[in-house]
Amino acid sequence: MVPSWDDKYSIGNSDIDLQHQKLFELAKKSFIYANKNISREEIRNIVVEFFEYMKEHFKDEQEYMDLIGYPYLKEHTMMHKDIIASMSGLIKTSKNVNDLKENLSLIAGKWLVEHILKEDAKIEKWRQSQLQYAESEVAEKKLYQFTCNCPHKIHLVPSHIYKKILEGKTFSCMTCKAVIKIKSS
């Protein structure tokens, strides 16, 4: 059975997440229809809807990965192509409605949902690591304001010196020789 969408599957892009939610719904619909007595035309309509939506989603997801500079874009794109090719092959080789229903269930559960839960999750994990790196870079470049006995003089202290001051090390103004102190607001 297909799991229900959960925000823990989010990849940090609301448009892609909404598409993933729709794909979960289509996968669930596929499982429901796979266990019903339906016509070849009905199952064909579900397959076409699923197939077309997957292609649209994969295109959008690849554009998003390109936009954020995801380093495994080529490999991920190949996985998308493999899923589409496998789906196309399974549909073409289905001999009857039951084969088609079974193959659709396999595609919906194994390939698509597992792909979202495992491979697409790597996109968000990488994006989060980049955000943390960027935040630490900004923190490292932050300057703190200190004063001394010189009138109207402000010393801009980088974070690595600021950390040393917090640890008890003192620094003095080269002009007035007074120990610098954090500027009060």
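## A nonpolar patch on the surface

In this predicted model, Leu-143, Ile-154 and Leu-156 together make a nonpolar surface patch of about 270 Å². Leu-143 sits in strand β1, which covers residues 143–147. With a relative accessibility of 47%, Leu-143 counts as partly exposed.

## Helix α3 and its two sides

Let's turn to helix α3, which runs over residues 73–93. With 21 residues at 1.5 Å each, α3 should span 30 Å, and the 30 Å between its end C-alpha atoms agrees with that. Which residues of α3 are buried? They are His-76, Thr-77, His-80, Ile-83, Ile-84, Met-87 and Leu-90. These residues cover an arc of only 160 degrees around the axis, so they lie on the same side of α3. Turned away from that buried side is a face carrying the exposed residues Lys-74, Lys-81, Lys-92 and Thr-93.

Met-78 also belongs to helix α3. Its relative accessible area is 44%, which makes Met-78 partly exposed. Between the C-alpha atoms of Met-78 and Leu-26 there are 22 Å, while the two residues are 52 apart along the chain.

## Salt bridges, with a look at helix α2

The structure has 8 salt bridges by the rule used here. One of them pairs Glu-52 with Lys-55, whose closest N and O atoms are 3.3 Å apart. Both residues are in helix α2 (residues 40–68), and because they are 3 residues apart there, about one helical turn separates them. Glu-52 is partly exposed at 42% relative accessibility, and Lys-55 is partly exposed at 36%.

Lys-59 has two partners to look at. Its salt bridge with Asp-60 has a closest N to O distance of 3.2 Å, and its salt bridge with Glu-63 has one of 3.6 Å. Glu-63 and Lys-59 are 4 residues apart in α2, so about one helical turn lies between them. An α-helix has 3.6 residues a turn, so residues three or four places apart point the same way. As for accessibility, Lys-59 is partly exposed at 44%, whereas Asp-60 is buried at 19%. Glu-63 is partly exposed at 48%. Elsewhere, salt bridges with shared partners link Lys-22, Lys-29 and Glu-49 into one network.

## Two cysteines without a disulfide

How many disulfides does the structure hold? The count is 0. For Cys-148, the nearest cysteine sulfur is that of Cys-150, 3.6 Å away. A disulfide needs the two sulfur atoms within 2.5 Å, so this pair does not qualify. Cys-148 counts as buried at 13% relative accessibility, and Cys-150 is buried too, with a relative accessible area of 15%.

How values were computed
Residues numbered from 1 in each chain as written. Predicted model: local features only at pLDDT ≥ 70, side-chain atom pairs only at ≥ 80, totals over all residues. Heavy atoms only, no water. Helix = DSSP H or I, 4+ residues; strand = E, 2+ residues; numbered from the N terminus. Expected span 1.5 Å × (residues − 1). Buried < 20%, exposed > 50% of the residue type's maximum accessible area, 1.4 Å probe, protein only. Arc of directions from axis to C-beta. Patch = residues over 30% accessible without salt bridge, like charges linked within 9 Å, V, L, I, M, F, W, Y side chains within 5 Å. Areas by Shrake-Rupley, 256 points an atom, 1.4 Å probe, with all protein chains shown as cover. Salt bridge = Lys/Arg side-chain N within 4 Å of Asp/Glu carboxyl O.
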